[in-house]
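Work through these exercises with the structure open beside you. Try each task before you read its solution.

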Amino acid sequence: RETMRRVQAEGKNPDKHRRQFEKANEIDLTLQACRERAIEATYHSVDISDVAATEHALKQIRAISGPIRGVIQGAGSGQDARFDRKRADKVRQCLSAKIDGTVSLASATQHDPLEWFIGFGSISGRFGANGHADYSAANEMLAKTIGDLGSLRPETRCLTFHWHAWGDVGMATKPEAKLALEMIGMEFMPAAEGLQHFLREIESGGESSEVL
């Protein structure tokens, strides 16, 4: 709601503020849906590539809910473009969200009784994709970093999903990304199917640190 008020008050850069408004609205609707299902959920906004800021946010979470028992690293940022046309700041942002964010979360939870540490990667990390050189590299590094974490914390299930494009939520739903994927005939995976894969793997999966 605070983001909505700020967007309305500033009135500059309408595209940027429209995206901020959409994100704020989505967050509010998600929290409302949780409340309707009697699920307690709190929302904290933090740059997870910032170790100190991440540790501060997790300290607040522990004060509300106790020790951290599970992490889903789903952060991501991407700009579809040929590599020589990509903006350097966007490349840094893409790599930082996946790689630095994972290292930051692992460091900030090293003393928590983690049952699982899950990374949301992408099939582009395994196979590559046109216009996604940095995003592919970031997802591959995400997977290898979490795999290494598993060797350091054998009591924690450390796993990366190389996800297919989801159809209802996620980065692939951005208009420009969705159009590009539709042009190559890609079929999107419903979120309900993704959730089934996730739960099945967590409950009865094998020893692999990466799942395609």
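**Exercise 1. The whole chain**

What percentage of the 212 residues in the chain do buried residues make up? Then list the elements in order.

Solution. Begin with the ground rules. This is a predicted model: local features need pLDDT of at least 70, side-chain atom pairs count only at pLDDT 80 or more, and totals for chains, interfaces and linings use all residues. Residues are numbered from 1 along each chain as its sequence is written, and side-chain values use heavy atoms, with hydrogens and water left out.

Step 1. Fix the term. Buried means under 20% relative accessible area, exposed means over 50%, and partly exposed lies in between (1.4 Å probe, protein chains only).

Step 2. Apply it. Buried residues make up 33% of the 212 residues.

Step 3. List the elements. Helices (H or I, at least four residues) and strands (E, at least two) are DSSP runs, numbered from the N terminus. The chain has eight helices and four strands. From the N terminus, the order is α-α-α-β-α-β-α-α-β-α-α-β.

Step 4. Look at contacts, meaning heavy atoms within 4.5 Å. Take the contacts with a separation of 6 or more: 64% of them are between residues 24 or more positions apart.

**Exercise 2. A loop after H2**

Where does Ala38 lie? Describe this residue, then turn to Glu40.

Solution. Step 1. Ala38 lies in the loop between helix H2 (14-36) and helix H3 (51-65).

Step 2. Check the backbone. Phi of Ala38 is near 60°, a positive value in a residue other than glycine.

Step 3. Check the accessibility. Ala38 has 73%, so this residue counts as exposed.

Step 4. Move to Glu40, also found in the loop between H2 and H3. Its relative accessibility is 81%, so Glu40 is exposed.

Step 5. Compare sequence and space. Glu40 and Ser65 are 25 residues apart along the chain, and their C-alpha atoms are separated by 9.6 Å.

**Exercise 3. Helix H6 and the loop behind it**

How many residues does H6 have, and how far does this helix reach? Go on to the loop between H6 and S3.

Solution. Step 1. H6 has 20 residues and reaches 29 Å from its first C-alpha to its last. That is close to the 28 Å expected at 1.5 Å a residue. The expected span is 1.5 Å times one less than the number of residues.

Step 2. Find the buried residues of H6. Among them are Asp134, Tyr135, Leu142, Ile146 and Leu149. What covers the buried residues of H6 includes strand S1 (70-73), helix H4 (88-108) and strand S2 (116-120).

Step 3. Enter the loop. Glu155 lies between H6 (133-152) and strand S3 (157-161). Thr156 is found in this loop too.

Step 4. Are these residues buried or exposed? Glu155 is exposed, at 55% relative accessibility. Thr156 is buried, at 5%.

Step 5. List contacts, leaving out residues up to four places away in sequence. Glu155 touches Leu114 and Glu115. Thr156 touches Leu114, Glu115, Trp116 and Phe117.

**Exercise 4. Aromatic rings**

How many aromatic pairs are there? Classify two of them.

Solution. Step 1. State the rule. Rings of Phe, Tyr and Trp (its six-membered ring) pair if their centres lie within 6.5 Å; planes under 30 degrees apart count as stacked, over 60 as edge-to-face and the rest as tilted.

Step 2. Count. The rule gives five aromatic pairs.

Step 3. Take Phe120 and Phe161. Their ring centres are 6.3 Å apart and their planes stand at 80°, so the pair is edge-to-face. The pair links distant parts of the chain: Phe120 is in strand S2 and Phe161 in strand S3, 41 residues apart.

Step 4. Add accessibility. Phe120 is partly exposed, at 23%. Phe161 is buried, at 3%.

Step 5. Take Phe161 and Trp163. The centres are 4.6 Å apart and the planes at 10°, so this pair is stacked. Both residues are buried.

Step 6. Join the pairs. Ring pairs link Phe120, Phe161, Trp163 and Phe198 into a cluster.
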